[in-house]
Amino acid sequence: QVQLVESGGGLVQAGGSLRLSCVASGSIFSMNAMGWYRQAPGKQRELVAQIAGGGATNYADSVKGRFTFSRDNVKNTGYLQMNNLKPEDTAVYYCNAVVRTGILRGANAYWGQGTQVTVSS
C-alpha cells in the first residue's frame with residue numbers, strides 16, 4: 001500500500017508564508033501526478049494546484065502568483081510553497097498522488113490525512 005503524509009501546516013498572519021510537504025511511502029513503482037486540495041469549513045474540497053510527473057504545473061486562479069508546487073521524484077515528495085497568505089486560504093490542505101504499485105498494475109489515487117492551515121487577519 002501507499003501512504004501520503006502531509007506536514008508544514010500551522011497558524012500564520014496574513015502576508016506570511018508556509019511550506020507544505022507531502023511524502024509518499026510504501027509500495028511505489030512510479031508516482032505520476034500529484035495534487036494539493038483544500039477544504040474550508042462548510043465548503044467543498046477544491047483543487048489548489050497540480051503537478052505532472054514531468055513537472056508541469058497547474059494552479060487555481062485564487063492562488064496563482066502566490067503558491068508554487070514542486071516535487072522531488074527521488075524522495076517521492078511534493079512541496080507547496082505558499083506566500084502572501086490570505087485569511088481565505090484557511091482550510092485543511094490534502095495531498096493527492098496517482099501511484100502505480102507495480103509494473104503490471106494500474107495507477108490509483110491516494111490521499112493524505114490533511115494538514116490545517118490557518119491565516120489570521
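Student: Where is the place of Asn84?

Tutor: This is a predicted model, so let's read it as one. Asn84 has a positive phi of about 50° although it is not a glycine. As for its surroundings, Asn84 sits in the loop between strand 8 and strand 9.

Student: Is Asn84 buried, partly exposed or exposed?

Tutor: Buried means under 20% relative accessible area and exposed means over 50%, with partly exposed in between. Asn84 has a relative accessible area of 41%, so Asn84 is partly exposed.

Student: Which loop holds Asn76?

Tutor: Asn76 is not a glycine, and yet its phi is positive, at about 50°. Asn76 belongs to the loop between strand 7 and strand 8.

Student: How many helices and strands are there in the chain?

Tutor: Read along the sequence, the pattern is β-β-β-β-β-β-β-β-β-β-β. That gives 0 helices and 11 strands.

Student: What is the radius of gyration of the chain, and why does the chain count as compact?

Tutor: The C-alpha atoms fill a box of roughly 50 × 25 × 20 Å along the principal axes. For 121 residues the globule rule gives 14 Å, and the chain comes close to that, so it is as compact as a globular protein of that length. Its radius of gyration is 14 Å.

Student: What percentage of the residues of the chain count as buried?

Tutor: Start with the outside: the chain exposes about 6,300 Å², and carbon and sulfur atoms supply 49% of that. For the inside, take the 121 residues and apply the cut-off of under 20% relative accessible area. The buried part is 39%.

Student: Among contacts between residues at least 6 apart in sequence, what percentage join residues at least 24 apart?

Tutor: Here we look at contacts in the chain and set aside pairs under 6 apart in sequence. Of the contacts that remain, the part joining residues at least 24 apart is 56%.

Student: Which residues are linked in a network of salt bridges?

Tutor: Side chains of opposite charge can pair when their charged atoms come close. The structure holds 4 salt bridges. In one of them, the side chains of Glu46 and Arg38 meet at 2.7 Å, N to O. The network is made of Arg38, Glu46, Arg66 and Asp89.

Student: Are Arg38 and Glu46 buried or partly exposed?

Tutor: The cut-off for buried is under 20% relative accessible area. Arg38 has 6% relative accessibility, so Arg38 is buried. Glu46 has 36%, so Glu46 is partly exposed.

Student: How many residues apart are Arg38 and Asp89?

Tutor: The side chains of Arg38 and Asp89 form a salt bridge at 2.9 Å, N to O. The pair links distant parts of the chain, with Arg38 in strand 4 (residues 30-39) and Asp89 in the loop between strand 8 (77-82) and strand 9 (91-100). They are 51 residues apart.

Student: Is Asp89 buried or exposed?

Tutor: Under 20% relative accessible area counts as buried. Asp89 has 0% relative accessibility, so Asp89 is buried.

Student: Which side chain of opposite charge is nearest to Arg71?

Tutor: Arg71 is found in strand 7 (residues 67-72). Arg71 is buried yet has no salt bridge. A salt bridge needs the atoms within 4 Å, whereas the nearest side chain of opposite charge is 8.2 Å away, and that is Asp72.

Student: Which backbone oxygen does the side chain of Arg71 reach at 2.7 Å?

Tutor: Arg71 touches several residues beyond four places away in sequence, including Met31, Asn32, Ile51 and Thr77. A polar atom of the Arg71 side chain lies 3.1 Å from the backbone oxygen of Met31. At 2.7 Å, the side chain reaches the backbone oxygen of Asn32.

Student: Is Asp61 buried or exposed?

Tutor: The side chains of Asp61 and Lys64 meet in a salt bridge at 3.1 Å, N to O. The relative accessible area of Asp61 is 65%, so Asp61 is exposed.

Student: What distance separates the C-alpha atoms of Gly9 and Asp61?

Tutor: Gly9 lies in the loop between strand 1 (2-7) and strand 2 (10-13). Among the residues Gly9 touches are Leu18, Leu20 and Val117. Along the chain, Gly9 and Asp61 are 52 residues apart, and their C-alpha atoms are separated by 21 Å.

Conventions: Residues numbered from 1 in each chain as written. Predicted model: local features only at pLDDT ≥ 70, side-chain atom pairs only at ≥ 80, totals over all residues. Heavy atoms only, no water. Helix = DSSP H or I, 4+ residues; strand = E, 2+ residues; numbered from the N terminus. Buried < 20%, exposed > 50% of the residue type's maximum accessible area, 1.4 Å probe, protein only. Lys, Arg positive; Asp, Glu negative; His and termini not counted. Polar contact = N/O pair within 3.5 Å; in protein donor to acceptor, adjacent residues only side chain to side chain. Contact = heavy atoms within 4.5 Å. Rg over C-alpha atoms; globule rule 2.2 N^0.38 Å. Areas by Shrake-Rupley, 256 points an atom, 1.4 Å probe, with all protein chains shown as cover.
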